[in-house]
Amino acid sequence: MSAEDLEKYETEMELKLYREYRDVVGLFKYVIETERRFYLTNDYEMQVHSVQGEVFFEVSMADAWVWDMYRPARFVKQVRVLTFKDVNIEELNKSDLELPGADLPG
């Protein structure tokens, strides 16, 4: 497989993932972003832990969708994330669901 073929494959996978996101975002209430992943969920719990002066976050989600083009199934029943990095949690407004380029073919 050439570098050009690999790039074309990754571009197609990203477009497919974006289309799936566009189709499912209206089903969820929250967007949760960590340093490694981007999640959609309706239910989450976040705890802040401090151990020997180090602070880390524990985020648990139920029935989530994860933005990851390398996963064969992006809907997950339970997710638990432990991170020392920032966690961004946003509640979606219905007006937020109008995505730029939502009229892409497919």
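## A tour that starts on the surface

Start by selecting Val48: its relative accessible area is 54%, so it counts as exposed. Here, exposed means over 50% relative accessible area, buried means under 20%, and partly exposed is in between (1.4 Å probe, protein chains only).

A word on what you are looking at. This is a predicted model, in which local features need pLDDT of at least 70 and side-chain atom pairs count only at pLDDT 80 or more, while totals for chains, interfaces and linings use all residues. Residues are numbered from 1 along each chain as its sequence is written, and side-chain values use heavy atoms, with hydrogens and water left out.

**Stop 1: the nonpolar patch**

Keep Val48 selected and add Tyr44, Met46 and Val55: these four make a nonpolar surface patch of about 320 Å². A patch joins residues with over 30% relative accessible area and no salt bridge, nonpolar side chains (Val, Leu, Ile, Met, Phe, Trp, Tyr) within 5 Å and like charges within 9 Å. Val48 sits in strand β3, and this strand (residues 43–51) gives the patch its largest share, three residues.

**Stop 2: the whole chain**

Now zoom out and colour by secondary structure. You should find one helix and six strands, in the order α-β-β-β-β-β-β from the N terminus. Both kinds of element are DSSP runs numbered from the N terminus: helices are H or I with at least four residues, strands are E with at least two.

Switch on the surface: about 7600 Å² is accessible, and 50% of that belongs to carbon and sulfur atoms. The areas come from the Shrake-Rupley method with a 1.4 Å probe, and for residues only the protein chains shown count as cover. Of the 106 residues, 32% count as buried.

**Stop 3: inside, at Thr83**

Next, select Thr83 in strand β5 (residues 75–83). Is Thr83 buried or exposed? Its relative accessibility is 3%, so Thr83 counts as buried. Show what surrounds it: apart from neighbours within four places in sequence, Thr83 is in contact (heavy atoms within 4.5 Å) with Glu35, Phe56 and Phe57. A polar atom of the Thr83 side chain also lies 3.0 Å from the backbone nitrogen of Lys85.

**Stop 4: salt bridges**

A salt bridge is a side-chain nitrogen of Lys or Arg within 4 Å of a carboxyl oxygen of Asp or Glu. How many are there by this rule? The count is six; here are some to visit.

- Select Arg74 and Glu20, a salt bridge whose closest N and O atoms are 2.7 Å apart. Arg74 is in the loop between β4 (54–66) and β5, and Glu20 is in helix α1 (residues 3–24), so the pair ties together parts 54 residues apart in sequence. With 8% relative accessibility, Arg74 counts as buried.
- Move on to Glu91 and Lys29, where the closest N and O atoms of the salt bridge are 3.8 Å apart. Glu91 lies in strand β6 (residues 88–91) and Lys29 in the loop between α1 and β1 (30–33), which makes this a link between distant parts of the chain, 62 residues apart. Glu91 is partly exposed at 46%, and Lys29 is partly exposed at 38%.
- Finish with Asp68 and Arg37, with 3.3 Å between the closest N and O atoms of their salt bridge. Asp68 is in the loop between β4 and β5 and Arg37 in the loop between β1 and β2 (38–41), so parts 31 residues apart in sequence are tied together. Asp68 is buried at 12%, whereas Arg37 is partly exposed at 28%.

Key. A polar contact is a pair of N or O atoms within 3.5 Å; within protein, one must be able to donate a hydrogen and the other to accept it, and residues adjacent in sequence count only if both atoms are side-chain atoms.
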